[in-house]
Amino acid sequence: MIKGIKGVKDLLPEETPRWRLIEETARRWATGYGFQEIRIPIFEVTTLFARSIGASTDIVEKEMYTFQDRDGTSLTLRPEGTAGTVRAYIEHNRAADPVPQKYFYFGPMFRHERPQAGRLRQFHQFGVESFGIADPRADVEVIALLWRVLSALALPGLTLEINNLGDTADRETYRPQLVAYLKQHEEKLCGNCKRRIETNPLRVLDCKVPDCRTATEAAPHLADTLSEKARTYFAGVLAGLDAIRIPYHLNHRLVRGLDYYGLTTFEVTTTNLGAQNAVGAGGRYDGLVETLGGPPTPAVGFAVGLERMAMMLPDTAVVSTPGYTTVYVAGFGIQGSAAGLLSLEELRKAGIRAVSDFRSGTLKAHLRQADRLGCRYTLIVGDDEVVKGLGVLRNMETKVQLDIPLLSLIPHVLPLLSGS
RNA sequence: GUGGGUGUAGCUCAGUUGGUUAGAGCGCCGGAUUGUGGAUCCGGAGGUCGCGGGUUCGAAACCCGUCACUCACCCCA
């Protein structure tokens, strides 16, 4: 048997309603905030991701699905959505458009990791990117949208954490201070963090190992080395969040895994996701557009994991689709089968939801299927009915049956359906 | 990449110190009702016991290997 690829899941019909609810909620709110949908390819040239995400990040170092095109070009299945969106923004010169460039997207992302609860190799994100606005209100707008979408879905146990990473220069001054501190306390750190002192010292602050946390309690804070400009900007973001009543927690340890973030960075976590706790995250990335060859362009965005939202979404949130009136057509017998097929098509052409099960050869089997499918009515068309030219419309709840002329089916059926 | 757990019917799972024909519940199909659903009763179909070796008179069970799923580490959505 050919099986699906490890970490790549099928979404069966039983699960798609909860996904539709999530997608429709996200799309509605994003549109309401003035974002427009963009659809970008799921693969790009490898250098796009290497340059934007950061060559020394885990994603680029060991998690990308990379392969050669026939001409030898290195291509990669997208591990996230921002790089491609930025590429499209530059390529189509959207900076020249005077209208605010605020995009949202849905789609699959690919990372070669060992799957576990809440983590897949093909997973799906809803993301948002806001280009060209260097104003704290742009950050606030993006964070508010994220928070409103998650709140609208009534996802439990959410916390919004936010931090100020400062600009590149700020981090350059801070880094040696932190490294000096970490080297003094190196013995207390876990093996991973010892290595991180050289590779990614900021990441040590975000380590979950309790000893590492206590060891870094007294570490110098990035906040103390921030420039006046970065501070006032961040203060503006917080003031905006306060004004519109978005609850947040300052977390000076919050560091994101992608290189392009600066200034505002945020993450929404939950306690309901197994070992995983991030539902969605984002931040400001003012340098990225330029890095990728575009004009200097401030930008903010976020991405949320649809699988993670789906896991947390309470079952009660997914209401069973409101009882559409469906007519089951039970055509059986030699002539009845043929006449039934005709009636089925007539109903469908008239916009009436109609189904049948062609495996069923007896009326009993047909009625059983009609029942299982939850159909409100069954149109019985056996050989006897064909002879008389009258089908029998059975109300499955009341068991009341009416004769309906098969030749003028729709005018007779339609009033019954709208009346019920 | 590293570690733990689990692989028996479509699904959820039993299966005794290794013993003969591998079971149950649910689901499915049929009958009771020769043309009327759900409930009940009766009957039926459905299995390479993940795969490959080994031990044994005999393996679903024990040993080795392997694969898959899963949880966790790492990292992240």
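This section describes a predicted model of a protein with RNA strand B, covering the RNA surface, one helix pair and several individual residues. Local features were taken at pLDDT of at least 70 and side-chain atom pairs at pLDDT 80 or more, while totals for chains, interfaces and linings use all residues. Residues are numbered from 1 along each chain as its sequence is written, chains are lettered from A and ligands numbered from 1 in the order in which they are written, and side-chain values use heavy atoms, with hydrogens and water left out.

RNA strand B is surrounded by 45 residues, of which Arg119, Arg196, Arg256, Arg368 and Asp384 come nearest; a residue is counted as near a molecule or strand if one of its heavy atoms lies within 4 Å of it. By class, the residues of this surface comprise 22 charged, 12 nonpolar and 11 polar. In this scheme Ala, Val, Leu, Ile, Met, Phe, Trp, Tyr, Cys and Pro are nonpolar, Asp, Glu, Lys and Arg are charged, and the others, Gly among them, are polar. At least two residues of the surface come from each of helix H3 (58-63), strand E6, helix H7 (191-199), strand E10 (278-284), helix H14 (363-372) and helix H15 (383-388). Helices (H or I, at least four residues) and strands (E, at least two) are DSSP runs numbered from the N terminus. The most is given by H14, with 6 residues.

On the RNA side, sugar or phosphate accounts for 48% of the atoms of strand B within 4 Å of the protein, and bases for the rest. Sugar or linking oxygens of RNA strand B lie 3.2 Å from a polar side-chain atom of lysine 3 and 3.5 Å from a polar side-chain atom of aspartate 58. For alanine 278, a polar backbone atom is 3.3 Å from a sugar or linking oxygen of RNA strand B.

Away from the description of the RNA, helices H1 (residues 16-32) and H5 (residues 136-152) pack with their axes 9 Å apart and at an angle of about 145°. Axes are lines fitted to C-alpha atoms, for helices over the stretch in contact, and angles run from 0 to 180 degrees between N-to-C directions. H1 contributes Thr25, Ala26, Trp29 and Ala30 to the contact, and H5 contributes Leu145, Arg148, Val149 and Ala152, where contact means heavy atoms within 4.5 Å. Of these residues, 6 are nonpolar, 1 is polar and 1 is charged.

Alanine 134 occupies the loop between strand E6 (122-131) and H5. Its relative accessible area is 55%, so alanine 134 is exposed (buried means under 20%, exposed over 50%, and partly exposed in between, with a 1.4 Å probe and protein chains only). Beyond neighbours within four places in sequence, alanine 134 contacts Tyr233, Arg284 and Pro298. The C-alpha atoms of alanine 134 and tyrosine 233 are 9.4 Å apart, with a separation of 99 residues in sequence.

Threonine 326, in strand E12 (residues 326-331), is buried because its relative accessibility is 11%. Leaving aside neighbours within four places in sequence, its contacts are Arg353, Ala354, Val355, Cys375, Arg376 and Tyr377.

Alanine 154 is not a glycine but has a positive phi of about 60°. This residue lies in the loop between H5 and strand E7 (159-164) and is partly exposed, at 46% relative accessibility. Arginine 245, also not a glycine, has a positive phi of about 60°. Arginine 245 is located in the loop between helix H10 (228-243) and strand E8 (249-250), and is exposed at 70% relative accessibility.

Note on methods. Polar contact = N/O pair within 3.5 Å; in protein donor to acceptor, adjacent residues only side chain to side chain.
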